[in-house]
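Me: I would like a close look at a single part of this structure, followed outward into its surroundings. Please keep the account plain.

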Amino acid sequence: MRGQPQTLDTRLFVQLLVFTECLDAAPVVAAFERSGLPGAVYANLNDPRGIGVVTMDEDPALFAGPVRALLTAPPFSTLTPLPAFTMFGRTYAQGREADLEDFLLYKVRRSVLNPRTPWAVWYPLRRIGAYNRLPRAEQGRIMMEHGMLGRRYGEAGYASDVRLECHGIDRDDNEFVIGLIGAELYPLSRLVKDMRATRQTAEFIASMGPFFIGRTLFQAPVPARAQAGGA
């Protein structure tokens with residue numbers, strides 16, 4: 001809590017998988033709901049036959065077990081996966097969180113599974129190597145500028161952000177997965193635009209995307225243990 005050192009070895013892992021050739025989303029949504037898996041199903045805004053499935057858990061074995069079993073059986077097995085849009089990462093902290101456990105394990109769940117925020121923009125990114133050679137204090141200033149912009153959008157109720165590290169667990173060597181979640185799509189697009197003017201994006205980003213833009217068709221309930229938090 002505030003003023004007290006906090007440590008936590010557990011992280012929340014989050015995966016987005018994208019499919020096309022989905023001519024009828026109803027059986028897909030029904031199968032996902034029956035599975036009881038924690039996550040959401042999206043309609044892909046840029047593909048009228050496309051869907052996205054996001055799942056999350058503290059145990060990465062979930063994705064190699066129950067998630068895999070669901071997505072290799074009908075009706076998912078009739079769909080065409082789009083591996084270029086696969087994103088997988090884990091939550092991380094920067095040391096200034098008031099409630100570390102809530103931030104790492106529950107905040108993402110509240111954002112992604114909130115029925116009042118059906119729009120999502122997901123994308124990976126990678127910084128150029130020069131950023132890692134900057135002094136720690138300068139990195140902090142760069143990230144503060146970037147973070148304050150996101151915080152303003154969050155405090156205004158326009159967007160909540162999901163920030164995941166994916167070092168060593170991304171096929172294209174991306175370093176982060178970002179999810180922007182909101183009630184409306186326009187503020188999410190505007191936030192991406194405004195971020196382009198920050199020093200981090202303007203000087204130190206090597207690549208961003210591909211971008212997946214989705215609107216929820218189904219969201220699992222927010223777990224009871226995540227509902228009371230507010231970090």
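Leaving aside its neighbours within four places in sequence, which residues is A40 in contact with?

Reply: The model is a predicted one, and what follows is computed from it.

A40 is in contact with F32, G52, V53, V54, T216, F218 and Q219, once neighbours within four places in sequence are set aside. A40 itself belongs to strand β2. With a relative accessible area of 0%, A40 is buried, because the cut-off for that class is under 20%. For a sense of scale, the C-alpha atoms of A40 and A197 are 32 Å apart in space, and the two residues are separated by 157 positions in sequence.

One of the contacts of A40, V54, is a useful next step. Outside its own four-residue sequence neighbourhood, V54 touches V14, Q15, L16, F32, P38, G39, A40, Y42, V112 and W122. F32 is thus listed for V54 and also for A40.

V54 is among the residues with the most contacts inside the largest nonpolar core, along with V14, L16, Y42, V112 and W122. That core has 27 residues. Two or more residues come from each of β1 (13–20), β2 (39–44), β3 (51–57), α4 (100–105), α5 (107–112), β6 (119–127), β7 and β8. The biggest contribution is that of α4, with 4 residues. A second core, separate from this one, has 22 residues and includes V29, V41, V53 and A220. V53, a member of that second core, is also a contact of A40.

Two of the strands that supply the largest core, β7 and β8, are paired with each other. They run antiparallel, with 6 bridges between β7 and β8 (residues 176–182). In this pairing S160 faces I181 of β8. On another side of the pairing scheme, β7 (residues 160–165) is joined to β5 (residues 87–91) by 2 bridges, again antiparallel. There T91 has L164 of β7 as its bridge partner. In a regular strand, side chains alternate between the two faces of the sheet.

The loop between β7 and β8 contains D173. D173 is not a glycine, yet its phi is positive, at about 65°. At 52% relative accessibility D173 is classed as exposed, since that class begins over 50%. A positive phi, near 65°, is found for E21 as well. E21 is in the loop between β1 and α1 (25–35), and its relative accessible area of 37% makes it partly exposed. Most residues other than glycine have a negative phi, and most peptide bonds are trans.

The peptide bond has its exceptions here too. The bond from P74 to P75 is cis, with omega near 5°, and P75 is part of the loop between α3 (66–71) and β4 (80–81). The bond from G209 to P210 is likewise cis, with omega near 15°. P210 is in the loop that connects β9 (205–208) and β10 (212–219).

Strand β5 also takes part in the aromatic packing. Of the 9 aromatic pairs counted, one is made by F63 and F88: the ring centres are 5.2 Å apart and the planes meet at 80°, so the pair is edge-to-face. F63 is in helix α2 (residues 61–64) and F88 in strand β5, and the pair links parts of the chain 25 residues apart. Both rings belong to buried residues, F63 at 9% relative accessible area and F88 at 16%. With F13 they form one aromatic cluster. A further ring, that of Y131, has the charged end of R127 over it, 4.1 Å from the ring centre.

Some remaining points concern cysteines and helix α9. C22 is buried at 6% relative accessibility, and C166 is buried at 0%. The whole structure was searched for disulfides, and the result is 0. In helix α9 (residues 199–204) is T201, which is buried at 12% relative accessibility. Beyond its four-residue sequence neighbourhood, T201 is in contact with H146, M195, R196 and M208.

Methods. Residues numbered from 1 in each chain as written. Predicted model: local features only at pLDDT ≥ 70, side-chain atom pairs only at ≥ 80, totals over all residues. Heavy atoms only, no water. Pairing = 2+ DSSP bridges. Core = buried A, V, L, I, M, F, W, Y, C linked by side-chain atoms within 4.5 Å. Buried < 20%, exposed > 50% of the residue type's maximum accessible area, 1.4 Å probe, protein only. Contact = heavy atoms within 4.5 Å. Disulfide = S-S within 2.5 Å. Phe/Tyr/Trp six-rings, centres within 6.5 Å; stacked < 30°, edge-to-face > 60°. Lys NZ or Arg CZ within 6 Å of the ring centre and 35° of its normal.
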